[in-house]
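Hi everyone, thanks for coming. I'd like to walk you through one structure today, starting with the overall picture and ending with some charged pairs.

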Amino acid sequence: MKAGLTTVILAGGKSSRFGRDKASARLWGRTLLQWVVSALEPVSDQFVIVKAVGQELPLVGSGKPWSAADDLYEGRGPLAGLVTGFAAADTDLAFAISCDAPLVRPELVHLLIANAEASDIVCPLVEAHLQPLVALYRVEACLPVFREAVEANRLKITTAFGPLRMKVVDEGEVRSVDPDLRSFRNANRPETLAEIEALLRS
């Protein structure tokens, strides 16, 4: 593993609540996937986009290297997506995000990295809930533990954290770099995409 940061973007979900492929959905003329890539380009050394087998991703424009990885465990949820993404990463740290978080802030990633010393996971706690899909992971430590959990069909992400060293970043710290918690706004339904569009307009 080399020093640096891979951003792992989960794009292969079923999108059952959204009703269509979220990665390709458009916000102000750009796909949600492109919003995430563009937002995190300043802090990322590379991107791995995890997709479903057979899924066609929209075009991605980035000055950083990126690759697409077919989900190794089709239909097993986001923990399986993390395993796929970490297996394709060659940096020591990975930031995990879903493709439907277009307002993610690079300053949040900097905050998590600043808290990464002596930790395998750095996870925000927002609205009294851990946020594992807006979190930082040490790849070599997390990959074997998460893989074992998926293969044992223990698919809840935070349950897989058990043996790993976790640093929790509380909401107050998060708000110091993301006052409105925009990084945690997911366009997981058409109406929430419309809300995000209205927020951008305002």
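One thing to keep in mind is that this is a predicted model.

Let's begin with the fold. The protein has seven helices and 10 strands. Its radius of gyration is 16 Å, close to the 17 Å that the globule rule gives for 202 residues, so the protein is as compact as a globular protein of that length. Along the principal axes, the C-alpha atoms fill a box of roughly 45 × 40 × 30 Å. Of the 202 residues, 50% count as buried.

Now to the charges. There are 22 positive and 25 negative side chains, and the centres of these two sets lie 3 Å apart. As a reminder, side chains of opposite charge can pair when their charged atoms come close.

So how many salt bridges does a search of the whole structure find? The search gives eight. One of them joins the side chains of Lys22 and Asp100, at 2.9 Å from N to O. Lys22 sits in the loop between strand 1 (2-10) and strand 2 (26-27), while Asp100 sits in the loop between strand 6 (91-98) and helix 3 (106-114), so this pair ties together parts that are 78 residues apart in sequence.

Are those two residues buried or exposed? Both Lys22 and Asp100 are buried.

Another salt bridge links Glu107 and Arg105, at 3.6 Å from N to O. Here Glu107 is partly exposed, at 34% relative accessibility, and Arg105 is partly exposed too, at 29%.

Finally, Arg182 meets Asp180 in a salt bridge at 3.8 Å, N to O, and Arg182 is partly exposed at 24%. Thanks for listening!

Terms used:
Residues are numbered from 1 along each chain as its sequence is written. This is a predicted model: local features need pLDDT of at least 70, side-chain atom pairs count only at pLDDT 80 or more; totals for chains, interfaces and linings use all residues. Side-chain values use heavy atoms; hydrogens and water are left out. A salt bridge is a side-chain nitrogen of Lys or Arg within 4 Å of a carboxyl oxygen of Asp or Glu. Helices (H or I, at least four residues) and strands (E, at least two) are DSSP runs, numbered from the N terminus. Buried means under 20% relative accessible area, exposed over 50%, partly exposed in between (1.4 Å probe, protein chains only). The radius of gyration is taken over C-alpha atoms; the globule rule is 2.2 Å times the number of residues to the power 0.38. Lys and Arg count as positive and Asp and Glu as negative; His and the chain ends are not counted. The place of a charge is taken as NZ of Lys, CZ of Arg, CG of Asp or CD of Glu.
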